[in-house]
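The following tour proceeds by selection: each stop names what to pick in the viewer and what is found there. Please open the structure and keep a selection panel at hand.

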Amino acid sequence: MTIDWIHFTPWQSLGGGILLGLASSAFILFNGRILGISGILAGLLSPRSGDVGWRIAFVLGIAAAPFVSALVLPVDFIVAPRIEAAYASIAMAGSLVGFGTRYGSGCTSGHGVCGLSRLSPRSLVATLTFMAFGFLGVYVIRHAI
Amino acid sequence: MQHRISEFLVGLLFGLGLILSGMTDPSKVLGFLDIFGLWDPSLAFVMGGAIAVGFFAFAWAKKRTVNFLGGVLHLPTNSQIDKPLVVGAVLFGAGWGLAGFCPGPALVSLASGQIKAAVFVVFMLAGMQLFEMLGRGATQAQ
């Protein structure tokens, strides 16, 4: 293991993490919901009466972020996404993420942030598992093939 | 309406957090997942910052029966560590490592006009729909 000091951004990432924590905190305390992106999206695919509006409002908020970030965040803090994967990999990855997050009842937000924050052993197992397989996936692609 | 505004603002705050943290850059995410290569530990700080704040909020939420706006407080009740949880996390982790996108950052990048993010989101929704069609069965939505 070698640390990538050039790309390491501890303070900025900590600051972003604090915003994620504040958003998750506000969502449970004010709206009474777990902030889990995969669950929020999945509820829009099989909509139930009276259970749609809050999901749409939340997703619109996320969608507004790249536009608002240009106004509120210092320009040095906004990095244009670099997407290395080819289209075939993107399609495969999307399918795995979509199916897997539903099967496992959550993703990085629901299990990783909210679940670990509320000390859920179930979410700890999920988070350790998806991180382990994320490490493994990158190892296979970058170092084994 | 008050509720819709608060949900919108929470989504916005979450999206800004993803952008500031570096999570919306798949290359940075892959740099974090590349522990056997040139490793960028930044995303551990994202997780640490989020949990340091969330821990107090959820401790508070557990003591309450209603939320601050007077509505139901939906805390998960399923505590079973079962096969769907682990298999689902395996598939999700593999997909995450393959492209560097998880659901939230993919939505942000879609909104900022990234074509590959749009393709990712279409296939992600298809994967979710496939799960719905195969029957959610024993698993519970979170």
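Begin by selecting A:V79 together with B:G22 and B:D25: once neighbours within four places in sequence are left aside, A:V79 is in contact with these two residues of chain B. The model is a predicted one, and A:V79 sits in the loop that links helix 3 and helix 4 of chain A. Is A:V79 buried or exposed, or in between? Because 16 C-beta neighbours fall inside 10 Å, A:V79 counts as partly exposed; the buried class would require 20 or more.

**The interface as seen from chain B**

Next, select every residue of chain B that touches chain A. The selection holds 109 residues of chain B, in contact with 111 residues of chain A. Colour it by element: helix 1 (2–21), helix 2 (26–33), strand 1 (38–39), helix 3 (42–62), helix 4 (83–99), helix 5 (103–111) and helix 6 (115–134) of chain B each contribute at least two residues to this side. Which element of chain B supplies the largest share? That element is helix 1 of chain B, with 18 residues. Recoloured by class, the side of chain B that touches chain A shows 67 nonpolar, 34 polar and eight charged residues.

**The strands across the chains**

Now display strand 1 of chain A, residues 2–3, with strand 1 of chain B. The two strands pair in the parallel sense, over two bridges. Centre the view on A:T2, which stands opposite B:L38 in strand 1 of chain B. When chain A is coloured by confidence, strand 1 of chain A has the lowest mean pLDDT among the elements of that chain, 94, whereas helix 4 of chain A has the highest, 98.

**Helix 2 of chain A and its surroundings**

Select residues 37–45 of chain A, which form helix 2. Its buried residues are A:I37, A:S38, A:G39, A:I40, A:L41 and A:A42. Then add the elements around them: these buried residues pack against helix 3 (53–72), helix 4 (87–103) and helix 5 of chain A, and also against helix 5 and helix 6 of chain B.

**Helix 5 against helix 6 in chain A**

Hide all but residues 108–117 and residues 121–144 of chain A, which are helix 5 and helix 6. The two helices pack at an angle of about 145°, and their axes are 8 Å apart. The crossing of helix 5 and helix 6 of chain A is left-handed. To inspect the contact itself, show A:H111, A:G112, A:G115 and A:L116 of helix 5, which meet A:R122, A:S123, A:L124, A:A126 and A:T127 of helix 6. By class, this contact comprises three nonpolar, five polar and one charged residues.

**Two loop residues with positive phi**

Between helix 5 and helix 6 of chain A, select A:L119 in the connecting loop. The phi of A:L119 is near 60°, a positive value in a residue other than glycine. A:L119 counts as partly exposed because it has 13 C-beta neighbours inside 10 Å.

Then move to A:S105, in the loop between helix 4 and helix 5 of chain A. Phi of A:S105 is likewise near 60°, a positive value in a non-glycine residue. Is A:S105 buried or exposed? A:S105 is buried, because 28 other C-beta atoms lie within 10 Å.

**Each chain as a whole**

Show chain A alone. Chain A contains six helices and one strand, arranged along the sequence as β-α-α-α-α-α-α. Its C-alpha atoms fill a box of roughly 50 × 40 × 35 Å along the principal axes. Of its 145 residues, 53% count as buried.

Switch to chain B, which also comes to six helices and one strand; from the N terminus on, its elements run α-α-β-α-α-α-α. The C-alpha trace of chain B spans about 45 × 35 × 30 Å along its principal axes, and buried residues make up 57% of its 142 residues.

**Confidence**

Finally, colour both chains by pLDDT. Chain A averages 95, with 100% of its residues at 70 or above. In chain B the mean pLDDT is 93, and 95% of the residues reach 70 or more. Select residues 138–142 of chain B: here the pLDDT is below 50, and the stretch has 16 contacts in the model beyond near neighbours in sequence. Where pLDDT is low, the predicted coordinates should not be read in detail. For the model overall, the scores are ipTM 0.96 and pTM 0.95.

Note on methods: Residues are numbered from 1 along each chain as its sequence is written. Chains are lettered from A and ligands numbered from 1 in the order in which they are written. This is a predicted model: local features need pLDDT of at least 70, side-chain atom pairs count only at pLDDT 80 or more; totals for chains, interfaces and linings use all residues. Two residues are in contact if their C-beta atoms, placed from the backbone, lie within 7 Å. Helices (H or I, at least four residues) and strands (E, at least two) are DSSP runs, numbered from the N terminus. Ala, Val, Leu, Ile, Met, Phe, Trp, Tyr, Cys and Pro count as nonpolar, Asp, Glu, Lys and Arg as charged, and the others, Gly among them, as polar. Two strands pair if DSSP finds at least two bridges between them. Axes are lines fitted to C-alpha atoms, for helices over the stretch in contact, and angles run from 0 to 180 degrees between N-to-C directions. A crossing is left-handed if the near helix is turned anticlockwise from the far one by less than a right angle, and right-handed if clockwise. A residue is buried if 20 or more other C-beta atoms lie within 10 Å of its own, exposed if 12 or fewer, and partly exposed in between; C-beta atoms are placed from the backbone. pLDDT is the predictor's confidence in each residue, from 0 to 100.
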